[in-house]
Amino acid sequence: ALELGEKEQTQLAKGFGIIIESSYATPNFWPPHLKSTHSFVTPRLLITTKIVAALQDIMPAVEVCRDLKVPLGIFAPAMDKNLLSSLLLNQLESDLQVAFVPTGELEQEVIEVLVELSSANVVEDFTKFTTGQLGSSAKILLSQDMTAIFIDKDELSATESAENIALLTIGGPTAKEREESYYFYEEKLQLMTIAAEEGLLPAGGVAFLKASDRLELGLTGVDR
């Protein structure tokens with residue numbers, strides 16, 4: 001996962017959580033950013049099996065996040081387009097970060113892992129929704145291709161579903177250089193992902209070299 005940092009040095013860190021292949025659908029972020037990845041720190045998560053059709057459905061979550069001054073991530077099969085615009089206006093007025101991530105095409109197992117990692121209770125009836133059903137995470141990274149949910153290391157013992165995630169925080173001397181480096185790494189990561197999905201292997205005998213450690217060819221000495 002990639003993140004645009006604010007320091008001069010580029011840093012590689014190991015995180016724990018899950019990456020889902022579903023991008024944010026919020027029309028805009030405020031304040032506006034040139035970067036295509038957005039970071040939510042210590043957000044609350046609303047996970048529901050219902051289509052979010054009206055602001056009143058999620059208003060309790062919006063109000064509690066506004067009071068706590070934490071971002072809100074909404075994971076639902078779909079959301080009304082007019083409501084997306086209303087959320088944007090709410091951001092402008094209250095400086096609240098809100099993002100909607102569609103889950104309609106995700107497998108049920110992925111949603112179950114998301115629920116487990118965030119300790120959320122799935123909202124199945126908005127008329128009975130309480131803020132106690134909200135989940136939480138250490139960080140969420142939202143990009144045009146995926147959403148990465150990170151959990152605290154202290155929570156690893158409570159779950160077996162967390163995956164290792166390499167988090168690359170892009171740095172640089174100036175904001176412009178950081179953005180240029182970010183887009184460079186983003187493009188390379190996308191190309192690498194496409195290559196892996198298509199079954200393409202690195203050239204120069206690298207694939208064979210790595211596979212040879214697991215092959216029993218019965219060769220010794222120079223032949224090996």
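Helix H3 is a good place to start: among its residues, Ile111, Val113, Leu114, Val115, Leu117 and Ser118 are buried. In this predicted model, those buried residues of H3 pack against S2, strand S4 (44-47), strand S5 (72-76), strand S7 (135-136) and S9. The helix covers residues 108-118 and lies across S2 and S9, running at about 120° to S2. Right after H3 comes serine 119, whose phi is positive, near 55°.

Now for the two strands that H3 lies across. Strand S2 takes in residues 11-20 and strand S9 residues 147-150; the two run antiparallel and are joined by four bridges. If you would like one pairing to look for in the structure, find isoleucine 18, whose bridge partner in S9 is isoleucine 149.

Helix H4 (residues 175-198) also packs on the sheet, where it touches S1 and strand S10 (163-170). The direction of H4 makes about 170° with that of S1.

What is the order of the strands in the open sheet? Following the six strands across, you meet S1-S10-S2-S9-S8-S3, and the pairing is mixed. At the edges are strand S1 (2-4) and strand S3 (38-41), each of which pairs on one side only. On average, neighbouring strands of this sheet are turned by 35° against each other, direction ignored.

Next, the aromatic rings. How many aromatic pairs does the structure hold? There are two. A pair of aromatic rings is described by the distance of the centres and the angle of the planes. The rings of tyrosine 182 and tyrosine 183 have centres 5.7 Å apart and planes at 80°, so this pair is edge-to-face. Phenylalanine 184 and tyrosine 185 form an edge-to-face pair, because their ring planes stand at 80°, with the centres 5.7 Å apart.

Are the residues of these pairs buried or partly exposed? The table gives the values for each of them.

| Residue | Relative accessible area | State |
|---|---|---|
| Tyrosine 182 | 1% | buried |
| Tyrosine 183 | 34% | partly exposed |
| Phenylalanine 184 | 46% | partly exposed |
| Tyrosine 185 | 33% | partly exposed |

Why does tyrosine 182 count as buried? Its relative accessibility is 1%, and buried means under 20%. Tyrosine 183, at 34%, is partly exposed, because that label covers values between the 20% limit for buried and the 50% limit for exposed. Phenylalanine 184 is partly exposed too, at 46%, and so is its ring partner tyrosine 185, at 33%.

How values were computed:
Residues are numbered from 1 along each chain as its sequence is written. This is a predicted model: local features need pLDDT of at least 70, side-chain atom pairs count only at pLDDT 80 or more; totals for chains, interfaces and linings use all residues. Side-chain values use heavy atoms; hydrogens and water are left out. Two strands pair if DSSP finds at least two bridges between them. Axes are lines fitted to C-alpha atoms, for helices over the stretch in contact, and angles run from 0 to 180 degrees between N-to-C directions. Contact means heavy atoms within 4.5 Å. Rings of Phe, Tyr and Trp (its six-membered ring) pair if their centres lie within 6.5 Å; planes under 30 degrees apart count as stacked, over 60 as edge-to-face and the rest as tilted. Buried means under 20% relative accessible area, exposed over 50%, partly exposed in between (1.4 Å probe, protein chains only).
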